[in-house]
Amino acid sequence: MRLLPPFVLAALVLQACTMVLPQPIPTPIPQSDLTSCHAVGLEGLVGAHVSLLPTNGAWSSVRIIKPGQMVTMDFSPTRLNVRVDNAGIILSLACG
């Protein structure tokens with residue numbers, strides 16, 4: 001039996017060690033009414049720039065979600081999620 005040259009063997013071992021990581025699957029943010037995060041009345045801001053969002057709301061926190069941004073799956077009913085486009089225009093608002 002003939003042995004492979006060491007550089008070929010090393011190349012085969014390295015090729016076997018490469019791992020392709022799966023791409024994350026974008027998960028939709030659960031849509032809910034805006035009562036649990038006390039953001040009722042903000043629906044009129046959809047289509048406006050995110051800078052117009054009030055900073056002193058009754059919600060516990062605000063999460064600005066940009067296109068392609070990964071977000072955690074934890075659900076906080078008192079958090080306001082603001083989905084924006086690349087220009088900072090509000091696309092949707094949801095509690096969670």
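This is a short talk on the fold, the disulfide, the core and a few individual residues of one chain.

Let me say at the outset that what we are looking at is a predicted model, and that the values I mention are computed from it.

I will begin with the overall layout. The chain contains 1 helix and 3 strands, and when we read along the sequence these elements come in the order α-β-β-β. Of the 96 residues in the chain, 25% are buried, and the accessible surface amounts to about 7000 Å², with 67% of that area belonging to carbon and sulfur atoms. If we take the contacts between residues at least 6 apart in sequence, 43% of them join residues that are at least 24 apart.

Now to the disulfide. The count for this structure is 1 disulfide, and the bond is formed by cysteine 37 and cysteine 95, whose sulfur atoms are 2.0 Å apart. The link between cysteine 37 and cysteine 95 is left-handed, with -65° about the S-S bond. What does this pair tie together? Cysteine 37 sits in the loop between α1, residues 6-17, and β1, residues 61-65, while cysteine 95 belongs to strand β3, residues 90-95, so the link joins parts of the chain that lie 58 residues apart in sequence. Both cysteine 37 and cysteine 95 are buried.

The two residues on either side of cysteine 37 in the sequence deserve a word as well. Serine 36, which is placed in the loop between α1 and β1, is partly exposed at 29% relative accessibility. From C-alpha to C-alpha, serine 36 is 6.6 Å from cysteine 95, although the two are 59 residues apart in sequence, and once neighbours within four places are set aside, serine 36 is in contact with Pro77, Thr78 and Cys95. Histidine 38, also in the loop between α1 and β1, counts as exposed, with a relative accessibility of 51%. The phi angle of histidine 38 is near 55°, which is a positive value in a residue other than glycine. As background, most residues other than glycine have a negative phi.

Let me turn to the nonpolar core. The largest one has 14 residues, and those that touch the most other members are Leu34, Cys37, Ala39, Leu42, Leu80, Val82 and Leu93. Strands β2, residues 79-84, and β3 each supply at least two residues of this core. As for leucine 42, if we do not count residues up to four places away in sequence, its contacts are Leu53, Pro54, Trp59, Leu80 and Leu93.

The next topic is charge. Which residues form the salt bridge, of which the structure holds 1? The partners are arginine 79 and aspartate 74, with their closest N and O atoms 3.6 Å apart. Arginine 79 is found in strand β2 and is buried, its relative accessible area being 10%, whereas aspartate 74 is partly exposed, at 42%. Beyond four places in sequence, arginine 79 touches Cys37, Ser60, Ser61, Arg63, Asp74, Ala94, Cys95 and Gly96, a list that includes both cysteines of the disulfide.

Arginine 63, in strand β1, is the other arginine I would like to discuss. Why does arginine 63, which is buried, have no salt bridge? The nearest side chain of opposite charge is that of aspartate 74, at 4.2 Å, and a salt bridge here requires the nitrogen to be within 4 Å of a carboxyl oxygen, so the pair is not counted. Arginine 63 is nevertheless in contact with aspartate 74, and, leaving aside its neighbours within four places, its other contacts include Val71, Thr72, Arg79, Leu80 and Val82.

Finally, a residue from the loop between β1 and β2, namely proline 67. Proline 67 counts as partly exposed, with 44% relative accessibility. The C-alpha atoms of proline 67 and asparagine 86 are separated by 6.6 Å, while the residues themselves are 19 apart along the chain. Apart from residues up to four places away in sequence, proline 67 touches Val84, Asp85 and Asn86.

To close, I would leave you with the two pairings in this predicted model: the disulfide of cysteine 37 and cysteine 95, and the salt bridge of arginine 79 with aspartate 74.

Conventions: Residues numbered from 1 in each chain as written. Predicted model: local features only at pLDDT ≥ 70, side-chain atom pairs only at ≥ 80, totals over all residues. Heavy atoms only, no water. Disulfide = S-S within 2.5 Å. Helix = DSSP H or I, 4+ residues; strand = E, 2+ residues; numbered from the N terminus. Buried < 20%, exposed > 50% of the residue type's maximum accessible area, 1.4 Å probe, protein only. Contact = heavy atoms within 4.5 Å. Areas by Shrake-Rupley, 256 points an atom, 1.4 Å probe, with all protein chains shown as cover. Lys, Arg positive; Asp, Glu negative; His and termini not counted. Core = buried A, V, L, I, M, F, W, Y, C linked by side-chain atoms within 4.5 Å.
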